[in-house]
Amino acid sequence: MHEMSLMSEIIKIVSEDARLHGFNKVDKIDVIVGDLSNVLPDALELAFLHFRKQGLGILDENTKLHFIREVAKAKCQRCLLEFTPDYRIALCPKCGLTNCILVSGETFRVESYEGSDE
């Protein structure tokens with residue numbers, strides 16, 4: 001489960017940045033997860049709960065993890081139809097061509113975090 005290593009890196013990055021800004025603890029982490037990002041939010045949350053229990057970084061038992069879902073969208077470069085693809089390589093449902101580009105859905109990043117100096 002690669003979500004363990006992903007969450008470990010998220011916590012490391014957020015903790016380092018929070019300390020630079022004078023925070024002693026992180027209260028909430030907002031993470032954008034795209035439908036086609038190959039990240040499973042449930043597995044990521046399990047990893048978060050594991051690390052939170054261990055007190056990794058500057059997390060405590062009250063730190064929250066919030067997911068922002070990024071819906072997958074693709075656009076056909078020929079007929080300009082926008083649609084929701086099931087995979088990264090998608091056939092246009094209108095003209096049947098594979099010349100579609102992904103507009104959204106691959107994002108995986110920390111959007112923001114909240115912390116305090118308590």
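In which strand does Ser104 lie? Ser104 belongs to strand S5, residues 100–104, where helices (H or I, at least four residues) and strands (E, at least two) are DSSP runs, numbered from the N terminus. I shall return to that residue after an overview.

Please note that this is a predicted model, in which local features need pLDDT of at least 70 and side-chain atom pairs count only at pLDDT 80 or more, while totals for chains, interfaces and linings use all residues. Residues are numbered from 1 along each chain as its sequence is written, and side-chain values use heavy atoms, with hydrogens and water left out.

Let me begin with the overall architecture. The protein contains two helices and six strands, and their order along the sequence is α-β-α-β-β-β-β-β. Along the principal axes, the C-alpha atoms fill a box of roughly 55 × 25 × 15 Å. The radius of gyration, taken over C-alpha atoms, is 18 Å, whereas a compact globule of 118 residues would have a value near 13 Å. The globule rule used here is 2.2 Å times the number of residues to the power 0.38.

Next, burial and surface. A residue is buried under 20% relative accessible area, exposed over 50%, and partly exposed in between, with a 1.4 Å probe and protein chains only. Of the 118 residues in the protein, 34% are buried. The accessible surface comes to about 7300 Å², and 51% of that surface belongs to carbon and sulfur atoms; these areas come from the Shrake-Rupley method with a 1.4 Å probe, and for residues only the protein chains shown count as cover.

As to charge, the protein has 14 positive and 19 negative side chains, with the centres of the two sets 6 Å apart. Lys and Arg count as positive and Asp and Glu as negative, with His and the chain ends not counted; each charge is placed at NZ of Lys, CZ of Arg, CG of Asp or CD of Glu.

I turn now to contacts, meaning heavy atoms within 4.5 Å. Among contacts between residues at least 6 apart in sequence, 71% join residues at least 24 apart. In what follows, I leave aside neighbours within four places in sequence when listing the contacts of a residue.

Helix H1, residues 3–20, supplies three examples, and Ser15 is one of its residues. Ser15 counts as buried because its relative accessibility is 3%. Its side chain reaches the backbone oxygen of Ile11 at 2.8 Å, a polar contact being a pair of N or O atoms within 3.5 Å; within protein, one must be able to donate a hydrogen and the other to accept it, and residues adjacent in sequence count only if both atoms are side-chain atoms. Ser15 also touches Gly57 and Ile58.

Ala18 lies in helix H1 as well, and with a relative accessible area of 0% it is buried. The contacts of Ala18 are Phe23, Val26, Ile58 and Tyr113. Ala18 and Arg109 are 91 residues apart along the chain, and their C-alpha atoms are separated by 16 Å.

The third example in helix H1 is Leu6. Leu6 is partly exposed, since its relative accessible area is 23%. It is in contact with Val39, Leu44 and Phe108.

Leu44 appears again among the contacts of Leu65, a residue of strand S2, residues 64–70. Leu65 is buried, at 14% relative accessibility. Its contacts are Met7, Ile29, Val31, Leu44, Glu45 and Phe48.

We come back to Ser104. Is this residue buried or exposed? Ser104 is buried, because its relative accessible area is 16%. A polar atom of its side chain lies 2.7 Å from the backbone oxygen of Val71, and its contacts are Glu70, Val71, Ala72 and Lys73.

Finally, two backbone conformations deserve mention. Most residues other than glycine have a negative phi. Asn38, however, has a positive phi, near 65°. Asn38 is in the loop between strand S1 (25–34) and helix H2 (41–54), and it counts as exposed because its relative accessibility is 55%.

Leu80 likewise is not a glycine, and its phi is positive at about 70°. Leu80 sits in the loop between strand S3 (73–76) and strand S4 (82–83). At 55% relative accessibility, Leu80 is also classed as exposed.
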